Amino acid sequence: MAARQPRFNQAVLIDTTPLPSSIPKVDEIGASSAPLMSASYFIGARCKDYNDDYMMCKTEAHGRGEFECMKEGRKVTRCAASVLEDINKNCLEQFRQHWNCLEYNNQQLWQCRKYEWKLNSCVFDKLGLEKKIPGAPENETPVHLRKRQIYSRNEPGVIA
């Protein structure tokens with residue numbers, strides 16, 4: 001037996017120090033993982049420049065830079081919030097169907113292609129944002145546009 005008794009610290013530490021006034025305030029997005037995953041490619045399409053600036057700042061700070069890169073991070077958050085707001089205004093029904101499908105199918109995109117196609121079409125028509133998978137081969141049909149999915153439900157006549 002060990003002579004020393006274990007100590008467990010279950011106190012929550014919260015830093016109440018306010019951020020400097022030079023860092024702009026921004027509301028949190030407040031979405032769970034399914035809506036964020038559903039909108040992620042559209043957020044990436046519209047917010048690419050802001051995200052690149054943020055990642056460059058983090059790279060130049062050698063992985064640190066919590067305060068140095070806060071302005072860039074806040075720009076990314078505001079941009080993502082604007083994308084979600086636009087999708088909710090213009091394609092709410094399709095967006096809701098897709099992220100609910102993701103929520104109930106363990107975030108597996110392949111199980112929700114039917115709803116994804118509807119969402120992609122609506123977002124492209126109304127917002128001009130297109131889903132593009134980074135690093136996908138140029139000479140192949142992207143996985144989300146294939147009529148026959150590699151993984152699909154075994155139901156005759158149903159394209160999942």
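D52 and K48 both belong to helix 2, which spans residues 48-60, and their separation of 4 residues amounts to about one turn of the helix. In this predicted model, the side chains of D52 and K48 meet in a salt bridge, with 2.8 Å from N to O. That pair is one part of a structure that holds 5 salt bridges, in a chain that has 5 helices and 0 strands.

**Salt bridges within helices 2 and 3**

- In the helix 2 pair, D52 is partly exposed, with a relative accessible area of 35%, and K48 is likewise partly exposed, at 48%; both values fall between the 20% under which a residue counts as buried and the 50% over which it counts as exposed.
- In helix 3, which covers residues 70-90, K89 and E85 are 4 residues apart and therefore separated by about one helical turn, and their side chains meet in a salt bridge at 3.2 Å from N to O.
- Which side of the 50% cut-off does K89 fall on? With a relative accessible area of 60%, K89 is exposed, because exposed means over 50%, whereas its partner E85, at 44%, is partly exposed.

**The buried salt-bridge network of helix 5**

- The side chains of E116 and R113 meet in a salt bridge of 2.7 Å, N to O, and since these residues lie 3 residues apart in helix 5, about one helical turn separates E116 from R113.
- Are E116 and R113 buried or exposed? Both of these residues are buried, which means that each has a relative accessible area under 20%.
- The link between E116 and R113 does not stand alone, for salt bridges that share partners join R113, E116 and K131 into one network.

**The cavity and its lining**

- The model contains 1 cavity of 30 Å³ or more, and the space in the largest cavity comes to about 50 Å³.
- Which residues line the largest cavity? The lining consists of M37, S38, Y41, F42, H98, L109, E116, N120 and K131, so that E116 and K131, both members of the salt-bridge network with R113, also appear among the residues whose atoms lie within 4 Å of a cavity point.
- Helix 1 (33-46) and helix 5 (113-127) each contribute at least two residues to the lining of the largest cavity, and the largest share, 4 residues, is supplied by helix 1.
- By residue class, the lining of the largest cavity divides into 4 nonpolar, 3 polar and 2 charged residues; E116 and K131 are charged members of this lining.

**The chain as a whole**

- Read from the N terminus on, the elements of the chain follow the order α-α-α-α-α, in keeping with the count of 5 helices and 0 strands.
- Of the 160 residues of the chain, 26% count as buried, E116 and R113 of helix 5 being buried residues.
- Among contacts in the chain with a separation of 6 or more, 71% are accounted for by residues 24 or more positions apart.
- The accessible surface of the chain amounts to about 11800 Å², and 52% of that surface belongs to carbon and sulfur atoms.

Conventions:
Residues numbered from 1 in each chain as written. Predicted model: local features only at pLDDT ≥ 70, side-chain atom pairs only at ≥ 80, totals over all residues. Heavy atoms only, no water. 1 Å grid on protein atoms, 1.4 Å probe; cavity = no way out; pocket = protein on both sides within 12 Å on 5 of 7 lines; lining within 4 Å. Points joined across faces, edges and corners; volume = space filled by probe spheres on them. Buried < 20%, exposed > 50% of the residue type's maximum accessible area, 1.4 Å probe, protein only. Contact = heavy atoms within 4.5 Å. Areas by Shrake-Rupley, 256 points an atom, 1.4 Å probe, with all protein chains shown as cover. Salt bridge = Lys/Arg side-chain N within 4 Å of Asp/Glu carboxyl O.
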